[in-house]
Amino acid sequence: MKAVLYKGPNQLALADLPKPVPGAGEVLLKVHDCGICGSDLHAVQFGLGLKPDCVLGHEFCGEISEIGPEVSGYAAGERVAAVPFSSCGVCDHCRRGQGYHCEKLKSIGLGPLPGAYAEYVACPAASLLKLPARLNSRQGALVEPLSVGLHGVNRSRIKPGTPSIVMGAGPVGLATMLWCKAKGADPVVVSEIAPGRRELALRLGASAVVNPREYNPGAKVRELCGRLPEVVFECIGVKSTLNEAVSLVDKCGQVVVIGVCMEPDQIMPLHFIFKEVSINFALAYTRSDFEETIQALATGRINADPLITDVIGLEQVPAAFEALRKPTSQAKVLIEFPR
Ligand SMILES: [Zn+2]
Ligand SMILES: [Zn+2]
């Protein structure tokens with residue numbers, strides 16, 4: 001099968017690999033669509049513990065092609081998305097639905113297990129969720145990134161009428177904004193410096209967008225509803241955004257950090273104390289986040305189609321990574337496989 005391999009920092013290469021054989025409890029998926037994630041870009045740029053010749057790709061859906069031993073409830077041809085990791089299923093974290101905290105966690109496509117930058121990917125049957133016929137496969141590949149936003153919003157105190165700010169309109173920020181709106185937050189102001197991404201946020205339903213270098217997003221929220229934001233979502237993941245988040249949020253408000261900052265950052269605790277700000281961090285997603293996302297896409301509760309700005313073939317992946325390293329107005333780039 002054709003696959004894209006990670007060779008070393010900033011090096012990807014097309015290769016031909018043997019088709020994986022599903023082991024006990026596994027199925028083999030023929031990949032339909034797979035998203036390129038910011039984490040993939042980070043991983044390829046900095047290595048981040050990736051072994052040479054590993055296969056990235058954790059935002060995927062496909063159809064069942066082969067079924068390994070000890071799997072029941074699935075049939076060849078069914079379309080599924082997968083929570084992209086395997087976990088033990090029996091520890092306290094797994095029982096609470098937080099498989100991503102399992103000590104035996106093995107991620108698919110961002111670490112030990114090969115991902116879906118390939119024609120086929122093997123997954124534990126326990127990780128699969130069936131896709132209703134109303135979802136096309138491009139939407140199926142959005143389930144994972146949308147679940148990241150949902151998980152962050154589910155860790156917040158958003159309820160109908162909560163004024164909020166989403167900092168950053170990359171795929172994670174846009175997904176977070178979609179869920180804030182779906183759960184009735186109002187207004188939802190998106191703060192983003194790139195004009196193309198601001199426009200996309202508006203198209204996806206943000207109440208308003210601002211360039212934070214020109215206008216204070218907190219002032220925009222106050223203009224719209226007479227209050228300051230009660231919840232601020234940090235979806236950028238670079239230095240100094242935590243300080244900015246606390247400067248924007250109302251007293252006794254909440255900052256939810258979803259963006260992944262990979263370097264030390266300095267905060268001024270006094271500013272958090274003066275406002276009695278709560279700060280929460282969000283990682284990954286639960287299986288129920290995936291279920292809620294699939295349901296919301298199937299019923300039209302959220303429409304995320306505009307998130308997909310580019311669809312490319314597998315052979316275009318190395319060039320796409322080069323292009324995505326520079327500032328871009330692209331949101332979600334999907335790799336699509338012929339079928
Ligand atoms: Zn991702
Ligand atoms: Zn476990």
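Does Cys94 count as buried or exposed, and at what relative accessibility? Keep that in mind while you load up the model, which is a predicted one.

**Stop 1: the four-cysteine zinc**

Select ligand 2, a zinc ion, along with Cys88, Cys91, Cys94 and Cys102. Each of these cysteines coordinates the zinc ion (ligand 2) through SG, at 2.3 to 2.4 Å. Switch on angle labels if you like: the four donor atoms make angles of 106 to 118°, and the site is tetrahedral. Along the chain, the donors of this ion follow the pattern C-x2-C-x2-C-x7-C.

Now colour the donors by accessibility. Cys94 comes out at 12% relative accessibility, so it counts as buried, given that the cut-off for buried is under 20%. Click on Cys91 next: its relative accessible area is 22%, so it is partly exposed.

**Stop 2: the other zinc**

Jump to ligand 1, again a zinc ion. Here the donors are Cys37 (SG), His58 (NE2) and Glu59 (OE), at 2.1 to 2.5 Å. Their spacing in sequence reads C-x20-H-E. Trace the backbone from Cys37 to His58 and you'll cover 21 residues. Cys37 sits in the loop between strand S3 (26–36) and helix H1 (38–46), while His58 is in the loop between H1 and strand S4 (59–67), and the pair links these distant parts of the chain. Cys37 and His58 are both buried.

**Stop 3: a long-range salt bridge**

Stay with strand S3 and pick Asp33, then add Arg339. Their side chains form a salt bridge, 3.8 Å from N to O. Arg339 belongs to the segment after strand S17 (332–336) and Asp33 to strand S3, so this contact ties together parts 306 residues apart in sequence. Flip on the surface to see the two ends: Asp33 is buried, with a relative accessible area of 0%, whereas Arg339 counts as exposed at 57% relative accessibility.

**Stop 4: a bridge within a helix**

Select helix H6 (residues 217–225) and show Lys220 and Glu223. These two are three residues apart in the helix, so about one helical turn separates them. Their side chains meet in a salt bridge at 3.3 Å, N to O.

**Stop 5: a small network**

Finish with Arg227 and Glu230, a salt bridge whose closest N and O atoms are 3.2 Å apart. Arg227 is partly exposed at 39% relative accessibility, while Glu230 counts as buried at 17%. Add Arg157 to the selection: salt bridges with shared partners join Arg157, Arg227 and Glu230 into one network.

Want to keep hunting? The whole structure holds 13 salt bridges.

Key: Residues are numbered from 1 along each chain as its sequence is written. Chains are lettered from A and ligands numbered from 1 in the order in which they are written. This is a predicted model: local features need pLDDT of at least 70, side-chain atom pairs count only at pLDDT 80 or more; totals for chains, interfaces and linings use all residues. Side-chain values use heavy atoms; hydrogens and water are left out. Donors are N, O and S atoms within 2.8 Å of the metal (3.2 Å for Na, K and Ca); water is not among the atoms, so sites may look incomplete. Helices (H or I, at least four residues) and strands (E, at least two) are DSSP runs, numbered from the N terminus. Buried means under 20% relative accessible area, exposed over 50%, partly exposed in between (1.4 Å probe, protein chains only). Four donors count as tetrahedral if all angles lie between 85 and 135 degrees; four count as square planar and six as octahedral if opposite donors are over 155 degrees apart and all others between 65 and 115; anything else is irregular. A salt bridge is a side-chain nitrogen of Lys or Arg within 4 Å of a carboxyl oxygen of Asp or Glu.
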